[in-house]
Structure formats: C-alpha cells, structure tokens
Amino acid sequence: GYASDRQSIYTEGRPSGDERAVLEVSSPDLTTVVKETDLTDLALESAIVDGNRPEYGYDKDGQALLIFGRDARGATIKNVRAKNTRSWSTLHLPRWGGECRDITVKSNTFGPAGTADGRWADGISLACEDAEVTGNRIVDATDGGIVIFGATGSTVKNNTIIAENRTLLGGINMVDYG
C-alpha cells in the first residue's frame with residue numbers, strides 16, 4: 001500500500017498490455033488489493049489487479065477489490081485492468097463521512113465482476129465528489145456497470161459498458177447517496 005501522500009504504484013515503463021505487473025488476492029481471507037482512505041494525490045497506474053474469485057469464491061461480507069475514498073483526495077486510477085472481484089464492487093470510491101474528491105478514473109478496464117446467481121458485482125461504485133470517470137471499459141459486470149451514489153460535481157463520460165458473456169442489471173445506475 002501507500003505510506004504517504006503523492007505516491008504511485010505502477011509498472012515500470014507504464015505498459016498497457018499483459019506485461020503490466022499483477023497485484024492479486026492470494027488468500028481466501030482477503031477481498032481488497034488496494035485500499036486508501038486518508039492520503040492525497042496517489043496513483044495506481046498500469047497494473048493488473050485480480051481478485052481471484054474463481055479460486056477463492058464470493059465473499060458476501062467483503063469489501064471492493066480497489067477502494068479509494070473517505071478522505072482520499074486527488075487519486076488517479078489509470079490504465080488498470082481489474083477483474084474477478086470477490087465482493088460487490090470492483091472499484092469503490094466511497095464518501096464514508098469524509099471529503100473524498102477529485103478522483104480521476106481514466107482509461108481502465110473493469111470486469112468480469114460477479115455472477116448471475118445473485119452474487120452480483122459493480123464495475124465502478126462512485127460516491128466521491130468532483131470525480132472524473134472517463135474513457136473506461138466495463139466488461140461483464142453483473143450488477144451496475146457504473147453506479148453513481150450522489151457524487152456531486154462528478155463527470156462520467158465516454159465510458160463503454162459491455163455485457164458480453166454475463167447478464168448486466170444496469171449500465172449506468174443513479175442512486176440516492178443514503
């Protein structure tokens with residue numbers, strides 16, 4: 001994880017294909033690979049993040065595969081391939097009573113996420129204010145491709161949501177924050 005403000009996790013040279021570093025869940029006790037709730041101006045770039053759901057199964061009480069929220073401000077998630085979340089969301093950007101704002105989620109691919117047996121999962125779950133969610137691909141999420149929980153002042157545009165091999169309950173869902 002991160003130890004202080006303005007740190008980045010990325011693959012050297014910032015490649016965009018399978019040569020990206022892989023960060024993965026390696027225990028049935030884990031559902032989250034990166035969780036940051038207090039630091040500012042962090043980056044996760046050019047990486048593959050795998051929740052290993054086929055190996056470790058679904059965890060109904062687990063947290064999202066990636067979490068940037070509460071008082072995390074100015075984070076950038078870019079050129080990340082995140083898949084196989086073990087819980088209800090691949091990328092969670094929660095307020096949790098904090099001042100989460102100015103998060104950039106750009107040029108990522110999220111999914112597959114969830115299964116059709118009621119163990120659904122979102123691609124992106126957004127509650128932070130003034131976020132920018134642009135140019136992402138959400139493929140085979142099973143709950144919402146992008147779910148917006150209030151997210152005052154945020155921009156969500158030019159994203160592609162594809163239900164290729166799984167049933168998707170909603171492409172873009174707008175939900176009351178509470």
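This passage describes the fold, the sheet and the buried core of a predicted single-chain model.

Residues are numbered from 1 along each chain as its sequence is written. Because the model is predicted, local features need pLDDT of at least 70 and side-chain atom pairs count only at pLDDT 80 or more, while totals for chains, interfaces and linings use all residues; side-chain values use heavy atoms, with hydrogens and water left out.

The secondary structure of the chain consists of one helix and 16 strands; helices (H or I, at least four residues) and strands (E, at least two) are DSSP runs, numbered from the N terminus. The C-alpha atoms fill a box of roughly 40 × 35 × 30 Å along the principal axes. The radius of gyration of the chain is 15 Å, which agrees with the value near 16 Å for a compact globule of 178 residues; the radius is taken over C-alpha atoms, and the globule rule is 2.2 Å times the number of residues to the power 0.38. Of the 178 residues, 47% are buried, where buried means under 20% relative accessible area, exposed over 50%, and partly exposed in between (1.4 Å probe, protein chains only). The accessible surface comes to about 8200 Å², and carbon and sulfur atoms account for 42% of it; accessible areas come from the Shrake-Rupley method with a 1.4 Å probe, and for residues only the protein chains shown count as cover. Contact means heavy atoms within 4.5 Å. Among contacts between residues at least 6 apart in sequence, 77% join residues at least 24 apart.

An open sheet of six strands has the order 3-5-7-10-13-16, with parallel pairing; two strands pair if DSSP finds at least two bridges between them. Strand 3 (34-36) and strand 16 (170-175) stand at the edges with a single partner strand each, so one side of each is left without a neighbour in the sheet. The twist averages 10 degrees from one strand to the next, with axes as lines fitted to C-alpha atoms, for helices over the stretch in contact, and angles from 0 to 180 degrees between N-to-C directions. Strands 3 and 5 pair over three bridges, and E36 stands opposite F68 in strand 5. Strands 5 and 7 are joined by two bridges, with L91 in strand 7 as the bridge partner of L66. Strand 7 is in turn linked to strand 10 by four bridges, where I124 is the bridge partner of L91.

Five of the five residues of strand 7 are buried, so this strand is largely enclosed by the rest of the structure. H92 lies in strand 7 and has a relative accessible area of 11%. Beyond four places in sequence, H92 touches A64, L66, I67, F68 and S125.

The largest nonpolar core has 33 residues; such a core is a set of buried Ala, Val, Leu, Ile, Met, Phe, Trp, Tyr and Cys residues joined through side-chain atoms within 4.5 Å. Strands that each supply at least two residues of this core include strand 4 (43-50), strand 6 (76-83) and strand 13 (144-149). F68 is among the residues with the most contacts inside the core. Outside its neighbours within four places in sequence, the contacts of F68 include Y2, V34, L44, I77, L93 and C128.

A82, in strand 6, is buried with a relative accessible area of 0%. Leaving aside residues up to four places away, A82 touches V49, L65, L66, T90, T109, F110 and G111.
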